[in-house]
Amino acid sequence: MVLRPLAQGNKLWIFLLVFLFVIIVTFYQFKFLKLEENKNVLEATIARLQSANSLKASYEFEATAIPRKKKKIKNDDDTIIIYNRVPKTASTSFVNVAYDLCKRNGFNVLHLNVTGNLHVMSIADQARFVYNVTHWEAKKPGLYHGHIAFIDFDKFGSSQKPVYINLLRKPLDRLVSYYYFLRFGDNYRPHLVRRKHGDKMTFDDCVRRKQSDCNPDNMWLQIPFLCGHSPECWEVGNEWALSQAKHNVATRYLLVGITEQLPEFIAMLEATLPSFFRGASQHFKYSKKAHLRRTNQKMEPSNDTIREIQQSKVWKMEMELYDFALKHFEYLKKKFVKKDGDLVDKGQQFMFEKIGPKSS
């Protein structure tokens, strides 16, 4: 059988069909790419709008001082706040504000309970803590609080860094408060019998008799709490510990407030972290539960007692940390303004300009 070559007309038709097919495929490919480009532009626009709405919601404060209806606000961020609270610094009052607001503002509050009420963890427990808080997605955003020394997440290679906050108190005031707390308890748990219940000795008498409960070395607590888990931090009178604590105040903590200015501390947090602390200032101001844990009975130390305590090296060092934190706090506070007696944010003081490339 002999195959004859295709006629010239048939070749032309085949060429035209192939050419038409190529044009159709090219056309639909172009349409597909155009649709894909439009889809990407639309998704980017939606993302910007969602981001803008989220930012607006975060910074939009409620008009009334105390809202009548509490609404739970969905919070999609994964922020972790750690408040390694120093005992007897008004920490219970502050934490209860967080518990009251957590449902409405859409975040979690978790108490860290360390066995034996120790203030330090083993290195293994530190690693477990770091892993747990950074991987527990169901509890993000979250505020963790407990009487624990500063934990350096960098040491464990964590990619997520927590926001650290804290409160400090004048060291002698804190020691005196704790001294009487162990004897008379407080209004938070009035029926709980404390360790020194029944001991009527005043703090002045304790100092005069040089008893262990009022030993100035007992003031060595705020320095190690802000210093961390290094053994030097817990060595009473260690100069490196003081230096490290001051370094952490300046560089590792978002904000270290002072007990004597607790409302201002809360107001600054509300302006800085509104997704957590929206409404905190007004709540603290008007809520009956805000001012908690006052020692039931306390006598102010005499001038002689104060002078003797102030001779100690530990008091001088703890006071140096307190003064450093106070100066730092006052500097940050200057960026806010007073309005009707309350500390408030000035509002955004920056803008973006000279943005390129110009949109078409």
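In which strand does V337 lie? In this predicted model, V337 belongs to strand β6, which spans residues 336-339. The relative accessibility of V337 is 33%, so the residue counts as partly exposed, since that class covers values between 20% and 50%. Leaving aside residues up to four places away in sequence, V337 is in contact with D342, L343, V344 and K346.

Strand β6 takes its place in a chain with 12 helices and seven strands. The chain has 360 residues, and 42% of them count as buried. Its accessible surface amounts to about 22500 Å², with 56% of that area belonging to carbon and sulfur atoms. Contacts within the chain reach well along the sequence: among those between residues at least 6 apart, 75% join residues at least 24 apart.

The interior can be described through its largest nonpolar core, which has 79 residues. Within this core, F94, F129, L143, F203, F265 and F277 touch the most other members. Helix α12 (residues 313-333) supplies the largest share of the core, namely eight residues. F129 offers a closer view of the packing: its contacts are I82, L112, M121, Y144, I151 and F153, with residues up to four places away in sequence not counted.

Nonpolar side chains also appear on the outside of the model. A surface patch is formed by L12, W13, F15, L16, F19 and I23, which together have about 670 Å² of accessible area. One of these residues, L12, lies in helix α1, which covers residues 8-59.

Turning to the cysteines, the structure contains two disulfides. One is formed by C206 and C214, whose sulfur atoms are 2.2 Å apart. The torsion about this S-S bond is about -100°, so the disulfide between C206 and C214 is left-handed. C206 and C214 are each buried. The other disulfide links C227 with C233, at an S to S distance of 1.9 Å. Here the torsion is about -60°, and the bond between C227 and C233 is therefore left-handed. Burial applies to this pair as well, to both C227 and C233. When the bonded cysteines of the chain are numbered in sequence order, they pair as 1-2, 3-4. A further cysteine, C102, has a relative accessible area of 16% and is therefore buried, given that the cut-off for burial is under 20%.

The loop between α6 (222-227) and α7 (239-251) holds S230. Is S230 buried or exposed, at 18% relative accessibility? The value places S230 among the buried residues, because burial means under 20% relative accessible area. The contacts of S230 are K155 and W240, again without counting residues up to four places away in sequence. The loop position of S230 thus goes together with a buried setting, while V337, in strand β6, is partly exposed.

Terms used:
Residues numbered from 1 in each chain as written. Predicted model: local features only at pLDDT ≥ 70, side-chain atom pairs only at ≥ 80, totals over all residues. Heavy atoms only, no water. Disulfide = S-S within 2.5 Å. Buried < 20%, exposed > 50% of the residue type's maximum accessible area, 1.4 Å probe, protein only. Patch = residues over 30% accessible without salt bridge, like charges linked within 9 Å, V, L, I, M, F, W, Y side chains within 5 Å. Areas by Shrake-Rupley, 256 points an atom, 1.4 Å probe, with all protein chains shown as cover. Salt bridge = Lys/Arg side-chain N within 4 Å of Asp/Glu carboxyl O. Helix = DSSP H or I, 4+ residues; strand = E, 2+ residues; numbered from the N terminus. Core = buried A, V, L, I, M, F, W, Y, C linked by side-chain atoms within 4.5 Å. Contact = heavy atoms within 4.5 Å.
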